[in-house]
Amino acid sequence: MGTKAKTPAAIRKAILKLEEDLSAQFVERDDHIRALLWALLAPHGGANVFFLGPPGVGKTNLINNLSQSILGKFFETTLFPGTMPEHIVGPMNVDDLMKGE
(Lines give C-alpha, C1' and ligand atoms only; values in the text may rest on other atoms or scores of the structure.)
Protein backbone atom coordinates (compact mmCIF):
# COMPACT_ATOMS: atom_id res chain seq x y z
CA MET A 1 0.00 0.00 0.00
CA GLY A 2 1.75 3.20 -1.16
CA THR A 3 1.50 6.65 0.28
CA LYS A 4 -0.31 9.36 -1.61
CA ALA A 5 1.94 12.15 -2.89
CA LYS A 6 1.09 15.55 -1.44
CA THR A 7 0.65 18.62 -3.57
CA PRO A 8 2.87 21.66 -2.98
CA ALA A 9 -0.18 23.46 -1.56
CA ALA A 10 -0.80 20.64 0.93
CA ILE A 11 2.86 20.62 1.98
CA ARG A 12 2.81 24.41 2.44
CA LYS A 13 -0.34 24.15 4.54
CA ALA A 14 1.21 21.43 6.73
CA ILE A 15 4.43 23.44 7.25
CA LEU A 16 2.47 26.60 8.15
CA LYS A 17 0.34 24.60 10.61
CA LEU A 18 3.48 23.13 12.17
CA GLU A 19 4.98 26.62 12.45
CA GLU A 20 1.78 27.91 14.07
CA ASP A 21 1.64 25.03 16.56
CA LEU A 22 5.29 25.41 17.56
CA SER A 23 4.96 29.21 17.85
CA ALA A 24 2.04 28.76 20.25
CA GLN A 25 4.22 26.57 22.48
CA PHE A 26 7.47 28.55 22.21
CA VAL A 27 6.96 32.27 22.77
CA GLU A 28 9.40 34.63 21.02
CA ARG A 29 11.15 31.76 19.22
CA ASP A 30 9.74 32.43 15.74
CA ASP A 31 13.19 32.92 14.19
CA HIS A 32 14.41 29.62 15.63
CA ILE A 33 11.29 27.80 14.47
CA ARG A 34 11.57 29.19 10.93
CA ALA A 35 15.26 28.29 10.78
CA LEU A 36 14.52 24.70 11.77
CA LEU A 37 11.67 24.42 9.26
CA TRP A 38 13.92 25.82 6.50
CA ALA A 39 16.52 23.22 7.44
CA LEU A 40 13.90 20.50 7.01
CA LEU A 41 13.00 21.81 3.57
CA ALA A 42 16.58 22.38 2.40
CA PRO A 43 17.86 20.38 -0.59
CA HIS A 44 19.94 18.08 1.61
CA GLY A 45 16.61 16.83 3.02
CA GLY A 46 16.77 14.82 6.19
CA ALA A 47 20.28 15.80 7.21
CA ASN A 48 21.15 16.69 10.76
CA VAL A 49 20.65 20.13 12.28
CA PHE A 50 23.21 21.62 14.66
CA PHE A 51 21.36 23.99 16.97
CA LEU A 52 23.74 26.02 19.15
CA GLY A 53 22.78 28.59 21.76
CA PRO A 54 22.95 29.57 25.41
CA PRO A 55 21.51 27.24 28.04
CA GLY A 56 17.93 27.58 29.20
CA VAL A 57 16.30 29.06 26.08
CA GLY A 58 14.26 25.99 25.10
CA LYS A 59 16.44 24.53 22.31
CA THR A 60 16.03 20.94 23.47
CA ASN A 61 12.26 21.22 24.00
CA LEU A 62 11.76 22.95 20.64
CA ILE A 63 13.71 20.37 18.68
CA ASN A 64 12.19 17.48 20.61
CA ASN A 65 8.65 18.76 19.88
CA LEU A 66 9.48 19.33 16.21
CA SER A 67 11.01 15.86 15.97
CA GLN A 68 7.92 14.25 17.49
CA SER A 69 5.65 16.26 15.18
CA ILE A 70 7.34 14.91 12.05
CA LEU A 71 8.10 11.44 13.47
CA GLY A 72 11.81 12.22 13.24
CA LYS A 73 14.75 11.07 15.30
CA PHE A 74 16.19 13.21 18.08
CA PHE A 75 19.81 13.19 19.25
CA GLU A 76 21.29 15.48 21.86
CA THR A 77 24.79 16.07 23.15
CA THR A 78 26.38 18.64 25.41
CA LEU A 79 29.46 20.42 24.13
CA PHE A 80 32.46 20.99 26.35
CA PRO A 81 35.69 22.93 25.69
CA GLY A 82 37.40 19.65 24.75
CA THR A 83 34.65 18.45 22.39
CA MET A 84 36.12 17.63 18.99
CA PRO A 85 34.20 17.60 15.68
CA GLU A 86 34.69 13.83 15.54
CA HIS A 87 32.63 13.48 18.72
CA ILE A 88 29.64 14.92 16.89
CA VAL A 89 29.92 13.92 13.24
CA GLY A 90 32.31 10.95 13.46
CA PRO A 91 35.73 10.61 11.90
CA MET A 92 36.40 12.79 8.88
CA ASN A 93 38.52 11.95 5.85
CA VAL A 94 40.15 15.09 4.47
CA ASP A 95 40.69 13.50 1.05
CA ASP A 96 36.97 12.70 0.78
CA LEU A 97 36.05 16.22 1.86
CA MET A 98 38.31 17.69 -0.82
CA LYS A 99 36.48 15.55 -3.42
CA GLY A 100 33.13 16.80 -2.11
CA GLU A 101 32.12 13.47 -0.61
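# A guided tour of the predicted model

Select Lys-17 and Asp-21 to begin: their side chains form a salt bridge, with an N to O distance of 2.8 Å. The model on display is predicted. Both residues belong to helix α1, where a spacing of four residues places them about one turn of the helix apart. Asp-21 is partly exposed, at a relative accessible area of 30%. Lys-17 is partly exposed as well, at 46%.

## The salt-bridge network

How many salt bridges does a search of the whole structure find? The search finds three, and the remaining stops in this section concern Arg-34.

Select Arg-34 together with Glu-19. The two residues form a salt bridge whose closest N and O atoms are 2.9 Å apart. Because Arg-34 lies in helix α2 and Glu-19 in helix α1, this pair ties together parts that are 15 residues apart in sequence. Arg-34 is partly exposed, with a relative accessible area of 37%.

Is Glu-19 buried or exposed? Its relative accessibility of 17% falls under the 20% limit, so Glu-19 counts as buried. Display the surroundings of Glu-19 next: leaving aside residues up to four places away in sequence, Glu-19 touches Ile-33, Arg-34 and Leu-37.

Now add Asp-31 to the selection. Arg-34 also forms a salt bridge with Asp-31, and here the closest N and O atoms are 3.6 Å apart. Arg-34 and Asp-31 are three residues apart in helix α2, a separation of about one helical turn. Asp-31 is exposed, with a relative accessible area of 61%. With Glu-19, Asp-31 and Arg-34 shown together, the viewer displays a network of salt bridges that links these residues.

## The nonpolar core

Which residues make up the largest nonpolar core? Select Leu-18, Leu-22, Phe-26, Ile-33, Leu-36, Leu-37, Leu-62 and Leu-66, which are the eight residues of this core. Colouring by helix is useful here, since α1, α2 and α3 each supply at least two of the core residues. The most is given by α2, with three residues. In soluble globular proteins, nonpolar side chains tend to be buried together.

Two of the core members, Ile-33 and Leu-37, were met above as contacts of Glu-19. Centre the view next on Leu-36, another member of the core. Apart from residues up to four places away in sequence, Leu-36 touches Val-49, Phe-51, Leu-62, Ile-63 and Leu-66. Among these contacts, Leu-62 and Leu-66 belong to the core.

## Helix α3 and the loop that follows

Continue to Ser-67, which is located in helix α3, residues 59–69. Ser-67 counts as buried, at 7% relative accessibility. Which residues does Ser-67 touch, not counting those up to four places away in sequence? They are Gly-72, Lys-73 and Phe-74.

Leu-71 is the next selection, in the loop between α3 and α4. Although Leu-71 is not a glycine, its phi is positive, at about 60°. The residue is exposed, with a relative accessible area of 80%.

## The loop between α1 and α2

Return to the loop between α1 and α2 and select Glu-28. Glu-28 has a phi near 60°, a positive value in a residue other than glycine. At 71% relative accessibility, Glu-28 counts as exposed.

Val-27 lies in this loop too, which is set between α1 (8–25) and α2 (30–41). Val-27 is exposed, with a relative accessible area of 62%. To relate this loop to another part of the chain, draw a C-alpha to C-alpha distance from Val-27 to Ser-69: the two are 18 Å apart in space and 42 residues apart in sequence.

## A nonpolar surface patch

For the final stop, switch to a surface representation. Select Phe-50, Leu-52, Leu-79, Ile-88, Val-89, Met-92 and Leu-97; these residues make a nonpolar surface patch of about 690 Å².

Where does Met-92 lie? Met-92 is found in the loop between α4 (85–89) and α5 (94–98). Met-92 counts as partly exposed, at 43% relative accessibility.

Notes: Residues are numbered from 1 along each chain as its sequence is written. This is a predicted model: local features need pLDDT of at least 70, side-chain atom pairs count only at pLDDT 80 or more; totals for chains, interfaces and linings use all residues. Side-chain values use heavy atoms; hydrogens and water are left out. Buried means under 20% relative accessible area, exposed over 50%, partly exposed in between (1.4 Å probe, protein chains only). Contact means heavy atoms within 4.5 Å. Patches are made of residues with over 30% relative accessible area and no salt bridge: like charges are joined within 9 Å, nonpolar side chains (Val, Leu, Ile, Met, Phe, Trp, Tyr) within 5 Å. Accessible areas come from the Shrake-Rupley method with a 1.4 Å probe; for residues, only the protein chains shown count as cover. A salt bridge is a side-chain nitrogen of Lys or Arg within 4 Å of a carboxyl oxygen of Asp or Glu. A nonpolar core is a set of buried Ala, Val, Leu, Ile, Met, Phe, Trp, Tyr and Cys residues joined through side-chain atoms within 4.5 Å.
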